Amino acid sequence: MSLAQEDRSAPAGPEVVLEARGVRKVFKTFERAPGLLGVLKNFVARDHVEIAALTGVDLRVERGESVGLIGANGAGKTTLVKILAGIVPASAGEARLLGRDSFHLQDAEKRRLALVMGQKSQLWWDLPAIDSFQLLKEIYGVSDAHFNERLTRFAALLEVEDRLKIQLRQLSLGQRMKMEIIGAFLHSPEVVFLDEPTIGLDLISRETIRRFLIRLADERSVTFVLTSHDMEDIEETCRRIVVLDQGAVAFDGGLMDLSRRVTGQRAVEVHVNPHSSVDEAAVKAELARHGAELAGRSAGSLTVIVGAERLAELVPRLFAVLDVRDLSVERQPLEHLIREIYRRGAAGAAGGAE
Ligand SMILES: Nc1ncnc2c1ncn2[C@@H]1O[C@H](COP(=O)(O)OP(=O)(O)O)[C@@H](O)[C@H]1O
Ligand SMILES: [Mg+2]
């Protein structure tokens, strides 16, 4: 009996460090008609436009998880990160970080999180990184010993030891981002948000940053939320993947589940004679016969998504029904994948992810 009692007093399961429940975000903006007339019209009556950036997001992240947040441009990734980190409030629903309402974090919780945004510098542009780090050390009350140990190690891992005394603005984009990351980790945060940290970076810098993140995630029980529109970043650093599409979670599960879905699909890009007429109904009927579908259409080209196993039967038919100039086959690009998952999401993709 004493065993059962001990069980009851044991910690109740893993700790949830991030939570979103029915989070919605609506941005209100003013739309203006183009040109002078627009300016005048705008002066008289401003047309009010509402953009639903998040339409009801549910998410629970446990301590130590590394979550990759992916989705097309405008899917709501940055908005979700900002809400979870307490930078902007949700319009509806609940967002919590370390057990507290994200938008009402106390200093105690703020000290336990870090946020790195690829598009925005948190460091002082005119100072050498080392000076910014000294300031952060004071702000966060990091001891000399911890500061020295962490800075030395992080700078070595990110290969910027010899750049610490150079004014931030004089560094390359990759070096600057590495400094941002060092700055974010100096106070040993428990929850780290990285929003597009590798955007625009060269391959070597990206790989160095990935290695750094993997290393830190392994060593400590840091919880990561990493957004990227680069699938490779996510594949390498995150075990769990959340796909956002048009403000909703379209997929939440392991990388394996996701890649099983990607690898089964091919995107066929067909370039047609721009002067030929395309009988769209006939093309669609043909595609339907092979379980394929039209995913995109522009002047002179069509993008078709088809199951890998039916590619061989489809391609000759494309030549038969279209005036084909050129044709290329690729694994399904991310945006199509996301749309696909989203379409099927309600039916079971999101639910079947566990
Ligand atoms: N401050 C804002 N004002 C108005 N609309 C916004 C604002 N921030 C984001 N949005 C809109 O919300 C949607 C989601 O944006 P965002 O979260 O930045 O997407 P992502 O990071 O996935 O590219 C987009 O349609 C975007 O235009
Ligand atoms: Mg973004």
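**Exercise 1. In what sense do β12 and strand β13 (residues 301-307) pair, and over how many bridges?**

Before you start: this is a predicted model, in which local features need pLDDT of at least 70, side-chain atom pairs count only at pLDDT 80 or more, and totals for chains, interfaces and linings use all residues. Residues are numbered from 1 along each chain as its sequence is written, while chains are lettered from A and ligands numbered from 1 in the order in which they are written.

Solution.
- Strands here are DSSP runs (E, at least two residues) and helices are runs of H or I, at least four residues, numbered from the N terminus. Two strands pair if DSSP finds at least two bridges between them.
- β12 and β13 pair in the antiparallel sense, over five bridges. Look for glutamate 293, which sits opposite isoleucine 305 in β13.
- Now zoom out: four strands make an open sheet, ordered β12-β13-β11-β14, with antiparallel pairing. Its edge strands, β12 (293-298) and β14 (324-331), each pair on one side only.

**Exercise 2. Place helix α12 (residues 311-321) on this sheet, then work out the surroundings of leucine 318.**

Solution.
- Contact is scored when the C-beta atoms of two residues, placed from the backbone, lie within 7 Å. For angles, axes are lines fitted to C-alpha atoms, for helices over the stretch in contact, and values run from 0 to 180 degrees between N-to-C directions.
- Helix α12 packs on the sheet, touching β11 (265-272), β13 and β14, and its direction makes about 160 degrees with that of β14.
- Leucine 318 belongs to α12. Leaving aside neighbours within four places in sequence, leucine 318 is in contact with Val270, Val324 and Leu327.
- Buried or exposed? A residue is buried with 20 or more other C-beta atoms within 10 Å of its own, exposed with 12 or fewer, and partly exposed in between, with C-beta atoms placed from the backbone. Leucine 318 has 21 C-beta neighbours inside 10 Å, so it counts as buried.

**Exercise 3. Find the partners of β3 and say how enclosed this strand is.**

Solution.
- Start with the sheet: six strands form an open one in the order β6-β7-β8-β3-β9-β10, with mixed pairing. β6 (113-117) and β10 (248-254) stand at the edges with a single partner strand each, so one side of each lacks a neighbour in the sheet.
- β3 pairs in the parallel sense with strand β8 (residues 223-227) over four bridges, and serine 66 has phenylalanine 224 as its bridge partner there.
- Strand β9 (residues 240-245) also runs parallel to β3, joined by four bridges, with leucine 69 opposite valine 242.
- Five of the five residues of β3 (residues 66-70) are buried, so the strand is largely enclosed by the rest of the structure.
- Ser66, Gly68 and Ile70 point one way, Val67 and Leu69 the other. That fits a general pattern: in a regular strand the side chains alternate between the two faces of the sheet.

**Exercise 4. Which elements give two or more residues to the shell around ligand 1, and which gives the most?**

Solution.
- A residue is near a molecule if its C-beta atom, placed from the backbone, lies within 6 Å of it. Around ligand 1 you'll find, among others, Phe27, Ile51, Gly76, Lys77 and Thr78.
- The elements are β1 (16-31), β2 (47-62) and α3 (77-84). α3 gives the most, with three residues.
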